[in-house]
Amino acid sequence: MASHRKSRPVGTRVAGIRTPALATAALTSVALLSQSANAAPADDKPSLEEVEKKVDDLYRQAESATDNYNAAKEKTTKQRKQVDTLLQDVAQRTQKLNEAREELGSFAAAQYRTGAAAPDTATFLLADTPQDYFDQTQLMGRLTSRQKGAVDDYVSEQSATMKKRQEASQSLQTLTDTQSDLKTAKATVQKKLADARDLLSELTAQEKARLAAIEKQKQQEAARKAAELAQQQAAAEKAAQEATTPQQSTPTAPDSSYATKAAKALAFARAQIGKPYVWGATGPDSYDCSGLTQAAWKAAGVDLPRVTYDQVNAGTTVSLADAQPGDLVFFYDDISHVGLYIGNGMMIHAPKPGAYVREESIYYDGESGIHSVVRPA
């Protein structure tokens, strides 16, 4: 006798409950997805070292953009002065042109009253330019010497005025383009700084503490390298002094006039320690890196350019081993940072946004970060 009992579905038991095969597969998929979801954040989250590098890179990019901003700002100031001068010149020439035109008009009125050459003079005054009319008529032959002089003055003044108007128009366009560059550079700086702040804001208190520990280790290593350089420079100076005779001069001895100026620059820089880094600032309450070095050397009577990639060409390049107090130390391949050397492997500089003017090892970002040393002219 056939059984009417239904066959049992194939499946498994989970926590004492029979689970159909499809449900089992679904649960397995959910478990796998859950594992993947839980693992994803850990895989995507950058390490603390990566965060530090990203933040440092952003600050460096912001400083490079700051130099572009400073250059555009300086250029804008110069071009605005040039435009103002040209527009003033155009206004003065236009006034002279109007006076010359009035004088010609008086001649035309006199000729009209006497009936002499009135049509020709009227046609002259209606021509696009005086020269256009002269090329087609014999008016000049019928004018007196005084009238000819007035016409010559008018033609000359009109030509000069048109030329100045063209120069003013071109300068205005250049000024507009530079102002656009200034706006772009400013936006770039702000974006880089905002990105750096966002990265730092995502760190936990524990991660920030670890980041501070990493920074401290870097500073200790930088101080060690600075001490090594100080020893090397002291040894080289001692050897040079021992080898010097009364008839010889010490090759590495600083020039007295330079040493005097450098001392003034360093005294100024030391007085700024503790003031905040602000991009685009040139003092007296805040500075960026090149703003500080420019102000320091200005206090010594030396005018340096505004931006780092111009300052690097404003003197003589020397080796790091021959660096003297007052020299400028430049950093990175794009020459986006500069500090004022004070000796013993140390410098005074405005480091980065959020920091203050301070003394620090020139190895603060590693030996590879040093680009060159320049002695201002």
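# Notebook: cavities, a pocket and selected helices

I looked first at which element dominates the lining of the largest cavity: H2 gives the largest share, four residues. The model I am working from is predicted.

**Entry 1: the largest cavity.** I noted that the structure holds two cavities of 30 Å³ or more. For the largest, I recorded a volume of about 220 Å³. Its lining has 13 residues, and those closest to its centre are Asp-56, Tyr-332, Lys-352, Tyr-364 and Asp-365. I then listed the elements that each supply at least two lining residues, which are H2, H6 and strand S7 (358-361). Sorting the lining by class, I found nine charged residues, four nonpolar and no polar.

**Entry 2: the second largest pocket.** I entered a volume of about 280 Å³ for the second largest pocket. It is lined by 14 residues, of which Val-55, Leu-200, Leu-211, Glu-215 and Lys-352 are the closest to its centre. Two elements give two or more residues to this lining: helix H2 (48-114) and helix H6 (205-243). The largest share again belongs to H2, with five residues. By class, I recorded eight nonpolar residues, five charged and one polar for this pocket. I also marked Lys-352, as it appears among the residues closest to the centre of the largest cavity and among those closest to the centre of the second largest pocket.

**Entry 3: helix H7.** I checked the length of H7, which covers residues 256-271. Its 16 residues reach 23 Å from the first C-alpha to the last, close to the 22 Å expected at 1.5 Å a residue. Which residues of H7 are buried? I found Tyr-258, Ala-262, Ala-265, Leu-266 and Ala-269. Seen down the helix axis, these buried residues fall within an arc of 100°, so they line one face of H7. As background, I noted that an α-helix has 3.6 residues a turn, so residues three or four places apart point the same way. On the other side of H7, I found Ser-256 and Ala-271 exposed. I then asked what the buried residues of H7 pack against. The partners are helix H8 (289-299), strand S5 (337-343), strand S6 (346-349) and strand S8 (370-376).

**Entry 4: helix H8.** Having met H8 as a partner of H7, I examined its burial. Nine of its 11 residues are buried, so H8 is largely enclosed by the rest of the structure. Among the buried residues of H8 I noted Cys-289, Gly-291, Leu-292, Gln-294 and Trp-297. Just after H8, I recorded a positive phi of about 85° at Gly-301.

**Entry 5: Ser-180.** I located Ser-180 in helix H5, residues 145-201. Is Ser-180 buried, partly exposed or exposed? With a relative accessible area of 39%, Ser-180 is partly exposed, because the partly exposed class lies between 20% and 50%. I also looked up the pair Ser-180 and Thr-76: they are 104 residues apart in sequence, and their C-alpha atoms are 10.0 Å apart in space.

**Entry 6: the whole chain.** I closed with totals. The protein has nine helices and eight strands. Of its 377 residues, 35% are buried. Among contacts with a separation of 6 or more, I recorded that 66% join residues 24 or more positions apart.

How values were computed: Residues are numbered from 1 along each chain as its sequence is written. This is a predicted model: local features need pLDDT of at least 70, side-chain atom pairs count only at pLDDT 80 or more; totals for chains, interfaces and linings use all residues. Side-chain values use heavy atoms; hydrogens and water are left out. On a 1 Å grid over the protein atoms alone, a cavity is a set of points where a 1.4 Å probe fits but cannot get out, and a pocket is an open set with protein on both sides within 12 Å along at least five of seven lines; lining residues have an atom within 4 Å of a point. Grid points are joined across faces, edges and corners, and a volume is the space filled by probe spheres set on the points. Ala, Val, Leu, Ile, Met, Phe, Trp, Tyr, Cys and Pro count as nonpolar, Asp, Glu, Lys and Arg as charged, and the others, Gly among them, as polar. The expected span of a helix is 1.5 Å times one less than its number of residues. Buried means under 20% relative accessible area, exposed over 50%, partly exposed in between (1.4 Å probe, protein chains only). The arc is that of the directions from the helix axis to the C-beta atoms. Contact means heavy atoms within 4.5 Å.
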